[in-house]
Amino acid sequence: MASLNSRDSIVIVGAGIIGLDVALVLAEKGYGRRITVVAEHLPGDTSVNYTSPWAGCNFSAISGSDANALRWDRLGYSHLAKLASDNPEEAFVEWTASTELWDEAVPHAKIKAMSDYLKNFRVLPAAELPNGVKFAVSFTTLTVNAPMHMDYIYRRLKDQYGVRFIRQKIPNIKSAFSSPTTRVVFNCIGNAAKILPGVEDAKCYPTRGQVILARAPQVKRNVMRHGKDYETYVIPRPGSNGNVILGGYMQKRVGDGATYSYETESILNRTKSLSSELSQSEPEILAAFAGLRPSREGGARVERDELLIGGEKRAIVHNYGAGGTGFQAGYGMALDAVRTVEDILREIRDDTVRARI
């Protein structure tokens, strides 16, 4: 990769929300000008293989219940909450009233853990539950305008912290080490982790979703219903002049990027039944999108490893497989990923100090 140079102590491969969050955590620690992000797609692009811009997106109980997922959720909520309180217009993150409903398989342990920090948390009494719903909660969530939020982080990284971005599709993971000055690579390649030479993680698979972008300014609340074989949600999109995301689908191991009219019809029918606000007037359909969530058996992989490059061991940190929870878990995952290479970061900092003397 000839475009890398002597300032590339840290290379991040991938510029979805996971890669951007890693860059942000590192930049906030003072390493911005030592970071290069290498990615086939950058914020502002659209591709079925570039999942993050298609996200709804919100903070919800849709993530896992293992210890890592619970910790990442809490850290992500705190991160997004700060943005929503301090800089909502620029960051495109807003506090939003939310209701989540379950038909079955209620994640009680997870809900209990989340109730410790969710604002205005309340379990709905049985008398308030719609037909077929076994359990429901209300709380104040955080909704995110996914493409605009990514652009916000992208601009901050470039303009405020001096992070460099290179648009390039790498042929294999070892090519990220093409500069001899690269001390660590963060592998944030999403769905490509299944096929990229040098990674080829057989546990990875896509989870297809289809959503509708609609104009419905009357919608102010986030509503989600988790069924046995479906997910239905209405998510108002911050800073979009009244647009909402209507969904959706969670089709495991489906890599089809097309959109289908019968799925659009199903989404409209389900969301109108779910949201009293949406049903007040007919939404204006703006577009239908399909995205492939980068999922992984056993949950996301966040761990340090080594690769042999030119006879020398070099550090790589794998950080992928968040599925549909990248925006809420990504910052917490990034904190864990960066923590695994604190020894290398200290060396980079010491080298920087010596170079100034």
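What percentage of the 357 residues of the protein chain count as buried? In this predicted model, the share is 57%. The protein chain holds eight helices and 15 strands.

The overall dimensions were examined next. Along the principal axes, the C-alpha atoms fill a box of roughly 70 × 40 × 35 Å. The radius of gyration of the protein chain is 21 Å. A compact globule of 357 residues would have a value near 21 Å, so the two agree. Contacts in the protein chain were taken at a separation of 6 or more. Of these, 77% join residues 24 or more positions apart.

The surface and the charges complete the global picture. About 15,400 Å² of the protein chain is exposed. Carbon and sulfur atoms supply 49% of that area. The protein chain carries 44 positive and 39 negative charges. Their mean positions lie 3 Å apart.

Helix α1 was considered in detail. Its twelve residues run from 17 to 28. From first C-alpha to last, α1 reaches 16 Å. This is close to the 16 Å expected at 1.5 Å a residue. Cover is extensive: eleven of the twelve residues of α1 are buried. The buried positions are I17, I18, G19, L20, D21, V22, A23, L24, V25, L26 and A27. In an α-helix, residues three or four places apart point the same way, because there are 3.6 residues a turn. Burial in α1 takes in consecutive positions, including L24, V25 and L26. After α1 comes G30, with a positive phi near 100 degrees.

Key
Residues are numbered from 1 along each chain as its sequence is written. This is a predicted model: local features need pLDDT of at least 70, side-chain atom pairs count only at pLDDT 80 or more; totals for chains, interfaces and linings use all residues. Side-chain values use heavy atoms; hydrogens and water are left out. Helices (H or I, at least four residues) and strands (E, at least two) are DSSP runs, numbered from the N terminus. The expected span of a helix is 1.5 Å times one less than its number of residues. Buried means under 20% relative accessible area, exposed over 50%, partly exposed in between (1.4 Å probe, protein chains only). The radius of gyration is taken over C-alpha atoms; the globule rule is 2.2 Å times the number of residues to the power 0.38. Contact means heavy atoms within 4.5 Å. Accessible areas come from the Shrake-Rupley method with a 1.4 Å probe; for residues, only the protein chains shown count as cover. Lys and Arg count as positive and Asp and Glu as negative; His and the chain ends are not counted. The place of a charge is taken as NZ of Lys, CZ of Arg, CG of Asp or CD of Glu.
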